[in-house]
Amino acid sequence: MTTAISIKNLGKTYANGLEALKGVSLEIEQGDFFALLGPNGAGKSTIIGVLSTLVNKSSGSVEIFGKNVDTHVYETKLDLGVVPQEVNFSQFEKVRDIVMTQAGYYGMPRALATERCEKYLRKLGLWEKRDERSRSLSGGMKRRLMIARALVHEPRLLILDEPTAGVDIELRRSMWEFLTEINNNGTTIVLTTHYLEEAEQLCRNIAIIDEGKIIENTSMRELLAELDSQTFILDTASKIPENFDIGLECATVRKIDDHSIELVVSGELSINDVFSQFDKLEVKVDGMRNKTNRLEQLFLSKLKGE
Ligand SMILES: Nc1ncnc2c1ncn2[C@@H]1O[C@H](COP(=O)(O)OP(=O)(O)O)[C@@H](O)[C@H]1O
Ligand SMILES: [Mg+2]
(Lines give C-alpha, C1' and ligand atoms only; values in the text may rest on other atoms or scores of the structure.)
(Ligands and ions follow the chains in the order given, each with its own letter.)
Protein backbone atom coordinates (compact mmCIF):
# COMPACT_ATOMS: atom_id res chain seq x y z
CA MET A 1 0.00 0.00 0.00
CA THR A 2 1.27 3.42 -0.87
CA THR A 3 0.84 6.09 1.75
CA ALA A 4 -0.74 9.25 0.38
CA ILE A 5 -0.10 11.39 3.43
CA SER A 6 2.31 10.78 6.26
CA ILE A 7 2.37 13.34 9.05
CA LYS A 8 4.81 12.86 11.91
CA ASN A 9 4.79 14.82 15.14
CA LEU A 10 3.49 17.95 13.53
CA GLY A 11 3.56 21.04 15.70
CA LYS A 12 2.40 24.55 14.92
CA THR A 13 2.60 27.57 17.14
CA TYR A 14 1.27 30.74 15.52
CA ALA A 15 3.12 34.03 15.88
CA ASN A 16 0.77 35.14 18.65
CA GLY A 17 1.89 32.15 20.72
CA LEU A 18 -1.18 30.00 20.11
CA GLU A 19 -0.24 26.33 19.89
CA ALA A 20 -2.64 25.10 17.21
CA LEU A 21 -1.05 21.66 16.65
CA LYS A 22 0.52 19.67 19.45
CA GLY A 23 2.34 16.73 17.89
CA VAL A 24 -0.08 15.42 15.27
CA SER A 25 0.75 12.09 13.59
CA LEU A 26 -1.41 10.62 10.83
CA GLU A 27 -1.06 8.13 8.00
CA ILE A 28 -3.54 8.17 5.14
CA GLU A 29 -3.38 5.42 2.52
CA GLN A 30 -3.65 5.94 -1.20
CA GLY A 31 -7.23 5.47 -2.41
CA ASP A 32 -8.72 6.25 0.98
CA PHE A 33 -11.68 8.50 1.64
CA PHE A 34 -10.60 10.01 4.92
CA ALA A 35 -12.35 12.40 7.28
CA LEU A 36 -10.65 14.74 9.67
CA LEU A 37 -13.33 15.64 12.14
CA GLY A 38 -13.24 18.18 14.86
CA PRO A 39 -14.91 21.23 16.34
CA ASN A 40 -14.08 24.78 15.30
CA GLY A 41 -10.59 25.78 16.24
CA ALA A 42 -9.38 22.17 16.58
CA GLY A 43 -6.58 22.65 14.05
CA LYS A 44 -8.05 21.08 10.88
CA SER A 45 -7.34 24.00 8.57
CA THR A 46 -3.90 24.42 10.08
CA ILE A 47 -3.04 20.82 9.09
CA ILE A 48 -4.28 21.45 5.55
CA GLY A 49 -2.31 24.69 5.48
CA VAL A 50 0.86 22.79 6.35
CA LEU A 51 0.16 20.09 3.74
CA SER A 52 -0.19 22.74 1.06
CA THR A 53 2.77 24.74 2.49
CA LEU A 54 0.64 27.83 3.08
CA VAL A 55 1.30 27.52 6.78
CA ASN A 56 4.87 27.12 8.05
CA LYS A 57 5.04 24.31 10.55
CA SER A 58 6.96 24.70 13.81
CA SER A 59 8.07 21.06 14.08
CA GLY A 60 7.58 17.62 12.61
CA SER A 61 7.53 16.36 9.05
CA VAL A 62 5.01 15.91 6.27
CA GLU A 63 5.22 13.61 3.25
CA ILE A 64 2.88 13.34 0.30
CA PHE A 65 3.19 10.06 -1.61
CA GLY A 66 6.49 9.47 0.11
CA LYS A 67 7.96 12.87 -0.74
CA ASN A 68 8.77 15.52 1.82
CA VAL A 69 6.80 18.72 1.16
CA ASP A 70 9.80 20.87 2.15
CA THR A 71 12.33 19.25 -0.12
CA HIS A 72 10.09 18.16 -3.03
CA VAL A 73 8.03 21.32 -3.35
CA TYR A 74 7.16 20.94 -7.01
CA GLU A 75 6.39 17.19 -7.08
CA THR A 76 4.22 17.28 -3.99
CA LYS A 77 2.23 20.24 -5.37
CA LEU A 78 1.55 18.31 -8.60
CA ASP A 79 0.07 15.47 -6.56
CA LEU A 80 -2.13 17.72 -4.47
CA GLY A 81 -5.38 19.61 -5.11
CA VAL A 82 -6.78 21.73 -2.29
CA VAL A 83 -10.23 23.20 -1.84
CA PRO A 84 -9.87 25.80 0.91
CA GLN A 85 -12.46 26.58 3.54
CA GLU A 86 -12.91 30.18 2.43
CA VAL A 87 -13.56 31.34 -1.12
CA ASN A 88 -10.22 32.69 -2.30
CA PHE A 89 -10.58 33.54 -5.97
CA SER A 90 -11.09 37.00 -7.41
CA GLN A 91 -14.74 38.01 -7.44
CA PHE A 92 -14.18 39.90 -10.67
CA GLU A 93 -12.57 37.13 -12.66
CA LYS A 94 -14.68 34.99 -14.96
CA VAL A 95 -15.39 31.39 -14.05
CA ARG A 96 -13.45 29.91 -16.95
CA ASP A 97 -10.47 32.20 -16.41
CA ILE A 98 -10.17 31.13 -12.78
CA VAL A 99 -9.74 27.50 -13.82
CA MET A 100 -7.52 28.33 -16.80
CA THR A 101 -5.20 30.47 -14.67
CA GLN A 102 -4.79 27.61 -12.24
CA ALA A 103 -3.92 25.26 -15.12
CA GLY A 104 -1.33 27.85 -16.09
CA TYR A 105 0.27 27.70 -12.64
CA TYR A 106 0.78 23.99 -13.23
CA GLY A 107 2.38 24.65 -16.58
CA MET A 108 -0.26 22.84 -18.58
CA PRO A 109 -0.26 23.31 -22.36
CA ARG A 110 -3.14 25.48 -23.50
CA ALA A 111 -4.97 22.76 -25.44
CA LEU A 112 -4.95 20.40 -22.47
CA ALA A 113 -5.93 23.20 -20.09
CA THR A 114 -8.89 24.11 -22.29
CA GLU A 115 -10.02 20.50 -22.44
CA ARG A 116 -9.70 19.91 -18.69
CA CYS A 117 -11.35 23.21 -17.90
CA GLU A 118 -14.41 22.24 -19.92
CA LYS A 119 -14.41 18.73 -18.48
CA TYR A 120 -14.49 19.85 -14.86
CA LEU A 121 -16.77 22.85 -15.32
CA ARG A 122 -19.25 20.49 -16.98
CA LYS A 123 -18.85 17.82 -14.30
CA LEU A 124 -19.55 20.40 -11.61
CA GLY A 125 -22.49 21.94 -13.41
CA LEU A 126 -20.78 25.26 -14.09
CA TRP A 127 -20.23 25.15 -17.84
CA GLU A 128 -23.23 27.40 -18.51
CA LYS A 129 -21.68 29.96 -16.16
CA ARG A 130 -18.23 29.91 -17.75
CA ASP A 131 -18.35 33.49 -19.00
CA GLU A 132 -19.81 35.01 -15.85
CA ARG A 133 -17.87 36.83 -13.19
CA SER A 134 -17.45 34.63 -10.15
CA ARG A 135 -19.15 37.12 -7.84
CA SER A 136 -22.47 36.37 -9.57
CA LEU A 137 -22.30 32.71 -8.51
CA SER A 138 -24.26 31.34 -5.56
CA GLY A 139 -22.35 30.10 -2.53
CA GLY A 140 -22.69 26.48 -3.61
CA MET A 141 -21.47 27.30 -7.11
CA LYS A 142 -18.43 29.10 -5.73
CA ARG A 143 -17.56 26.03 -3.77
CA ARG A 144 -17.94 23.84 -6.84
CA LEU A 145 -15.77 26.24 -8.79
CA MET A 146 -13.04 25.76 -6.18
CA ILE A 147 -13.37 22.00 -6.68
CA ALA A 148 -13.07 22.33 -10.48
CA ARG A 149 -10.02 24.53 -9.97
CA ALA A 150 -8.44 22.02 -7.59
CA LEU A 151 -8.94 19.18 -10.06
CA VAL A 152 -7.74 20.79 -13.28
CA HIS A 153 -4.27 19.23 -12.97
CA GLU A 154 -5.86 15.90 -11.99
CA PRO A 155 -3.98 15.40 -8.69
CA ARG A 156 -3.82 11.97 -7.05
CA LEU A 157 -4.84 13.55 -3.77
CA LEU A 158 -7.73 15.95 -3.21
CA ILE A 159 -8.11 17.72 0.12
CA LEU A 160 -11.29 19.60 0.89
CA ASP A 161 -11.63 21.87 3.88
CA GLU A 162 -15.29 21.80 4.96
CA PRO A 163 -16.57 21.38 1.40
CA THR A 164 -20.24 21.44 2.26
CA ALA A 165 -20.34 24.09 4.98
CA GLY A 166 -23.33 26.28 4.17
CA VAL A 167 -24.31 24.20 1.13
CA ASP A 168 -27.95 23.14 0.90
CA ILE A 169 -28.97 19.48 1.26
CA GLU A 170 -29.61 18.78 -2.39
CA LEU A 171 -26.33 20.24 -3.50
CA ARG A 172 -24.56 18.48 -0.69
CA ARG A 173 -25.84 15.14 -1.98
CA SER A 174 -24.73 15.80 -5.52
CA MET A 175 -21.33 16.86 -4.21
CA TRP A 176 -21.12 13.62 -2.22
CA GLU A 177 -21.91 11.65 -5.37
CA PHE A 178 -19.29 13.49 -7.31
CA LEU A 179 -16.63 12.96 -4.64
CA THR A 180 -17.53 9.27 -4.37
CA GLU A 181 -17.17 8.93 -8.13
CA ILE A 182 -13.71 10.44 -8.28
CA ASN A 183 -12.66 8.41 -5.24
CA ASN A 184 -13.86 5.25 -7.00
CA ASN A 185 -11.74 6.29 -9.95
CA GLY A 186 -8.68 6.28 -7.73
CA THR A 187 -8.32 9.77 -6.28
CA THR A 188 -7.45 9.79 -2.58
CA ILE A 189 -9.78 12.18 -0.78
CA VAL A 190 -9.34 13.85 2.57
CA LEU A 191 -11.99 16.13 3.91
CA THR A 192 -12.53 18.06 7.06
CA THR A 193 -16.01 18.48 8.30
CA HIS A 194 -18.03 19.11 11.35
CA TYR A 195 -21.06 17.57 9.62
CA LEU A 196 -20.63 14.21 11.25
CA GLU A 197 -23.18 12.49 9.05
CA GLU A 198 -21.06 13.50 6.10
CA ALA A 199 -18.10 11.52 7.39
CA GLU A 200 -20.38 8.63 8.19
CA GLN A 201 -21.82 8.56 4.67
CA LEU A 202 -18.62 8.99 2.75
CA CYS A 203 -15.52 8.04 4.62
CA ARG A 204 -13.76 4.76 5.26
CA ASN A 205 -11.31 6.06 7.82
CA ILE A 206 -11.46 8.87 10.27
CA ALA A 207 -9.44 10.90 12.71
CA ILE A 208 -10.90 13.13 15.36
CA ILE A 209 -8.90 16.17 16.35
CA ASP A 210 -9.49 18.39 19.32
CA GLU A 211 -7.33 21.27 20.59
CA GLY A 212 -4.48 20.34 18.28
CA LYS A 213 -4.33 16.67 19.26
CA ILE A 214 -5.62 13.55 17.53
CA ILE A 215 -7.96 11.89 19.99
CA GLU A 216 -9.15 9.07 17.74
CA ASN A 217 -7.88 7.49 14.52
CA THR A 218 -9.74 4.45 13.28
CA SER A 219 -12.02 3.08 10.59
CA MET A 220 -15.51 4.47 10.35
CA ARG A 221 -16.89 0.97 10.83
CA GLU A 222 -15.00 0.38 14.06
CA LEU A 223 -15.90 3.77 15.36
CA LEU A 224 -19.58 3.13 14.82
CA ALA A 225 -19.34 -0.36 16.32
CA GLU A 226 -18.08 1.20 19.52
CA LEU A 227 -21.53 2.45 20.19
CA ASP A 228 -23.49 -0.23 21.92
CA SER A 229 -26.97 0.90 21.11
CA GLN A 230 -28.88 2.79 18.49
CA THR A 231 -32.27 4.37 18.71
CA PHE A 232 -34.65 4.40 15.76
CA ILE A 233 -38.07 5.82 15.17
CA LEU A 234 -40.23 3.51 13.05
CA ASP A 235 -43.42 4.43 11.25
CA THR A 236 -45.74 1.54 10.67
CA ALA A 237 -48.57 0.95 8.20
CA SER A 238 -50.41 -1.36 10.58
CA LYS A 239 -51.82 -0.13 13.86
CA ILE A 240 -49.61 -0.98 16.81
CA PRO A 241 -51.46 -2.90 19.53
CA GLU A 242 -51.40 -1.76 23.14
CA ASN A 243 -48.55 -3.32 25.13
CA PHE A 244 -46.75 -4.24 21.92
CA ASP A 245 -43.73 -6.36 22.67
CA ILE A 246 -41.15 -7.24 20.09
CA GLY A 247 -40.02 -10.37 21.93
CA LEU A 248 -36.31 -9.98 21.30
CA GLU A 249 -33.71 -9.88 24.02
CA CYS A 250 -31.55 -7.09 22.70
CA ALA A 251 -34.27 -4.76 21.47
CA THR A 252 -36.79 -2.70 23.33
CA VAL A 253 -39.74 -0.86 21.89
CA ARG A 254 -41.87 1.94 23.19
CA LYS A 255 -45.10 2.88 21.52
CA ILE A 256 -45.23 6.58 20.64
CA ASP A 257 -48.64 6.55 18.98
CA ASP A 258 -50.73 4.10 16.92
CA HIS A 259 -48.35 4.22 13.97
CA SER A 260 -44.96 4.95 15.41
CA ILE A 261 -42.61 3.33 17.84
CA GLU A 262 -39.23 4.01 19.30
CA LEU A 263 -36.85 1.10 18.93
CA VAL A 264 -33.59 0.70 20.86
CA VAL A 265 -31.28 -1.96 19.44
CA SER A 266 -28.10 -3.05 21.14
CA GLY A 267 -24.87 -3.77 19.32
CA GLU A 268 -25.05 -7.56 19.01
CA LEU A 269 -28.42 -7.55 17.32
CA SER A 270 -28.63 -6.82 13.62
CA ILE A 271 -31.37 -4.64 12.29
CA ASN A 272 -32.28 -7.59 10.02
CA ASP A 273 -33.21 -9.69 13.04
CA VAL A 274 -35.48 -6.92 14.18
CA PHE A 275 -37.17 -6.71 10.80
CA SER A 276 -37.77 -10.43 10.50
CA GLN A 277 -39.35 -10.29 13.93
CA PHE A 278 -41.62 -7.47 12.76
CA ASP A 279 -42.57 -9.66 9.78
CA LYS A 280 -43.48 -12.53 12.08
CA LEU A 281 -45.61 -10.21 14.17
CA GLU A 282 -47.17 -8.87 10.95
CA VAL A 283 -46.18 -5.30 11.65
CA LYS A 284 -45.46 -3.55 8.37
CA VAL A 285 -42.77 -0.88 8.70
CA ASP A 286 -43.16 2.11 6.39
CA GLY A 287 -40.17 4.19 7.36
CA MET A 288 -37.31 4.34 9.76
CA ARG A 289 -34.97 7.07 10.92
CA ASN A 290 -32.22 7.43 13.47
CA LYS A 291 -33.40 9.28 16.50
CA THR A 292 -30.00 10.71 17.20
CA ASN A 293 -27.02 10.88 14.97
CA ARG A 294 -24.84 8.07 16.28
CA LEU A 295 -21.62 9.71 15.32
CA GLU A 296 -22.67 12.90 17.00
CA GLN A 297 -23.25 10.98 20.21
CA LEU A 298 -19.93 9.24 19.96
CA PHE A 299 -18.12 12.43 19.12
CA LEU A 300 -19.46 14.16 22.18
CA SER A 301 -18.47 11.28 24.42
CA LYS A 302 -14.92 11.28 22.97
CA LEU A 303 -14.55 14.99 23.59
CA LYS A 304 -15.63 14.51 27.17
CA GLY A 305 -12.97 11.81 27.43
CA GLU A 306 -15.37 9.01 28.31
N1 LIG B 1 -3.09 32.91 11.43
C2 LIG B 1 -3.38 32.57 12.68
N3 LIG B 1 -2.84 33.25 13.71
C4 LIG B 1 -3.12 32.91 14.98
N5 LIG B 1 -3.94 31.90 15.34
C6 LIG B 1 -4.52 31.20 14.35
C7 LIG B 1 -4.28 31.50 12.96
N8 LIG B 1 -4.99 30.64 12.22
C9 LIG B 1 -5.65 29.84 13.08
N10 LIG B 1 -5.38 30.17 14.35
C11 LIG B 1 -5.88 29.52 15.57
O12 LIG B 1 -5.42 28.18 15.55
C13 LIG B 1 -6.40 27.31 16.06
C14 LIG B 1 -6.74 26.26 15.02
O15 LIG B 1 -7.39 26.90 13.93
P16 LIG B 1 -7.85 26.14 12.63
O17 LIG B 1 -6.73 25.27 12.16
O18 LIG B 1 -8.40 27.14 11.69
O19 LIG B 1 -9.02 25.19 13.21
P20 LIG B 1 -10.23 24.47 12.46
O21 LIG B 1 -9.97 24.51 10.98
O22 LIG B 1 -10.24 23.09 13.03
O23 LIG B 1 -11.46 25.23 12.83
C24 LIG B 1 -7.60 28.18 16.44
O25 LIG B 1 -7.52 28.46 17.80
C26 LIG B 1 -7.39 29.42 15.62
O27 LIG B 1 -7.95 30.54 16.22
MG1 LIG C 1 -11.07 25.25 9.47
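Trainee: The largest cavity has a volume of about 50 Å³. What makes a set of grid points a cavity?

Mentor: On a 1 Å grid over the protein atoms alone, a cavity is a set of points where a 1.4 Å probe fits but cannot get out. The volume is the space filled by probe spheres set on those points, which are joined across faces, edges and corners. One cavity of 30 Å³ or more is held in the structure. As for the basis, this is a predicted model, in which local features need pLDDT of at least 70, side-chain atom pairs count only at pLDDT 80 or more, and totals for chains, interfaces and linings use all residues. Residues are numbered from 1 along each chain as its sequence is written, chains are lettered from A and ligands numbered from 1 in the order in which they are written, and side-chain values use heavy atoms, without hydrogens and water.

Trainee: Which residues line the largest cavity, and how do you know their class?

Mentor: A lining residue has an atom within 4 Å of a grid point; among those here are Ile-5, Leu-26, Leu-36, Ile-47, Ile-159 and Val-190. Strand S1 (3–13), strand S2 (19–29) and H1 each give two or more residues to this lining, and H1 gives the largest share, three residues. Ala, Val, Leu, Ile, Met, Phe, Trp, Tyr, Cys and Pro count as nonpolar, Asp, Glu, Lys and Arg as charged, and the others, including Gly, as polar. The lining therefore divides into ten nonpolar, no polar and no charged residues.

Trainee: Why is H1 called largely enclosed?

Mentor: Seven of its eight residues are buried, so the rest of the structure largely encloses H1. Buried means under 20% relative accessible area (1.4 Å probe, protein chains only). Lys-44, Thr-46 and Leu-51 are among the buried residues. H1 counts as a helix because a DSSP run of H or I needs at least four residues.

Trainee: What makes the approaches to ligand 1 polar contacts?

Mentor: A polar contact is a pair of N or O atoms within 3.5 Å; within protein, one must be able to donate a hydrogen and the other to accept it, and residues adjacent in sequence count only if both atoms are side-chain atoms. An oxygen atom of ligand 1 lies 3.0 Å from a backbone N or O atom of Gly-43. For an N or O atom in the side chain of Lys-44, the distance to a ligand oxygen is 2.8 Å, and for the side chain of Ser-45 it is 2.8 Å. Each value falls within the cut-off, so each pair qualifies.

Trainee: Why is Asn-183 called buried?

Mentor: Asn-183, in helix H6 (residues 169–184), has a relative accessible area of 6%, which is under the limit and therefore buried. A polar atom of its side chain lies 3.3 Å from the backbone oxygen of Asp-32, and one lies 3.0 Å from the backbone oxygen of Thr-187.

Trainee: What makes the largest pocket a pocket rather than a cavity?

Mentor: A pocket is an open set, with protein on both sides within 12 Å along at least five of seven lines. The largest one has a volume of about 660 Å³. Its lining numbers 32 residues, with Leu-54, Val-82, Asn-88, Gln-102 and Arg-149 nearest the centre. By class, 16 are nonpolar, twelve polar and four charged.

Methods
Buried < 20%, exposed > 50% of the residue type's maximum accessible area, 1.4 Å probe, protein only.
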